[in-house]
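Below is a walk through the ligand site of this protein. The text begins with the contacts to the ligand and then turns to the pocket.

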Amino acid sequence: MEISLEKMKIEDLELIDLKNFDDFWTESILKDEILSDSSYYIVARFQNEIIGFAGLKFLLDEAHITNIATRIDKRKNGVGSKLLESLINRAKEEASVLITLEVNTENLPAINLYKKYGFEILGVRKKYYDNKFDAYIMTKYFN
Ligand SMILES: CC(C)(COP(=O)(O)OP(=O)(O)OC[C@H]1O[C@@H](n2cnc3c(N)ncnc32)[C@H](O)[C@@H]1OP(=O)(O)O)[C@@H](O)C(=O)NCCC(=O)NCCS
């Protein structure tokens with residue numbers, strides 16, 4: 001698949017139907033994030049459609065992955081990998097010492113994706129999602 005990665009723009013939000021990505025984020029939260037100076041958001045485009053997006057937030061010398069999602073019908077095609085590679089590269093450019101995230105302990109596709117890129121499980125946040133589901137803290141250090 002010929003995928004291009006681009007910085008996310010406010011207009012892109014109209015092209016993203018969140019329910020096709022598992023709608024755990026709202027448009028208004030995404031909008032705030034795109035406009036924030038301390039964030040980096042990208043979209044993956046295929047034949048003029050947005051088939052993935054991902055974001056980073058910089059906090060001091062750390063980079064926090066806030067979101068990474070591939071459209072449901074385009075999964076397992078390497079889109080998530082491309083998005084994650086871009087986030088990792090951007091975090092290195094910002095001289096972050098690490099890149100980290102929280103992920104539902106039952107979300108095997110995401111956990112496997114992060115492991116593939118060298119993230120390690122460094123802790124658990126109990127009942128992190130909806131006061132019900134646990135989250136792993138997964139981190140990759142840059143040395
Ligand atoms: C996690 C997600 C982004 C992966 O996107 P993707 O485009 O399918 O990822 P890729 O095709 O690049 O796959 C990369 C790796 O992820 C893992 N993976 C992806 N889908 C998987 C699945 N269904 N089961 C197990 N591992 C899986 C594999 O390790 C895979 O590497 P491989 O192809 O060498 O086996 C996608 O499943 C998604 O959007 N999920 C919903 C949103 C979400 O949960 N995001 C994470 C929030 S922390």
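A polar contact here is a pair of N or O atoms within 3.5 Å. The model is a predicted one, and every distance that follows is computed from it.

With that cut-off in hand, start at Gly80, where a polar backbone atom lies 2.8 Å from an oxygen atom of the ligand. Asn107 makes its approach through the side chain: an N or O atom there is 2.7 Å from an oxygen atom of the ligand. Arg75 also uses its side chain, with a polar atom 3.3 Å from a ligand oxygen atom. The ligand on its own would expose 940 Å², and the protein buries 76% of that area.

The shell around the ligand holds 21 residues. Gly80 and Asn107 are among the closest of them, together with Ile68, Lys76 and Ser81. Sorted by class, the shell contains nine nonpolar, seven polar and five charged residues.

Which pocket holds the ligand? The ligand sits in the largest one. Four elements each give two or more residues to the shell around the ligand: strand E4 (62-70), helix H3 (79-93), strand E5 (98-104) and helix H4 (108-116). Of the elements, H4 contributes the most, with six residues.

Now consider the pocket itself. The largest pocket encloses about 1,300 Å³ of space. Its lining is made of 36 residues, and those closest to the pocket centre are Ile68, Val103, Asn107, Ala110 and Tyr114. E4, H3, E5 and H4 each give two or more residues to this lining, as does strand E6 (120-129). By class, the lining of the largest pocket has 17 nonpolar, 11 polar and eight charged residues.

Two residues thus appear in both descriptions. Ile68 and Asn107 are listed among the closest to the ligand and among the closest to the centre of the largest pocket.

Note on methods. Residues numbered from 1 in each chain as written. Predicted model: local features only at pLDDT ≥ 70, side-chain atom pairs only at ≥ 80, totals over all residues. Heavy atoms only, no water. Near = heavy atom within 4 Å. Polar contact = N/O pair within 3.5 Å; in protein donor to acceptor, adjacent residues only side chain to side chain. Areas by Shrake-Rupley, 256 points an atom, 1.4 Å probe, with all protein chains shown as cover. 1 Å grid on protein atoms, 1.4 Å probe; cavity = no way out; pocket = protein on both sides within 12 Å on 5 of 7 lines; lining within 4 Å. Sits in = over half its atoms within 2 Å of the grid points. Nonpolar A, V, L, I, M, F, W, Y, C, P; charged D, E, K, R; others polar. Points joined across faces, edges and corners; volume = space filled by probe spheres on them.
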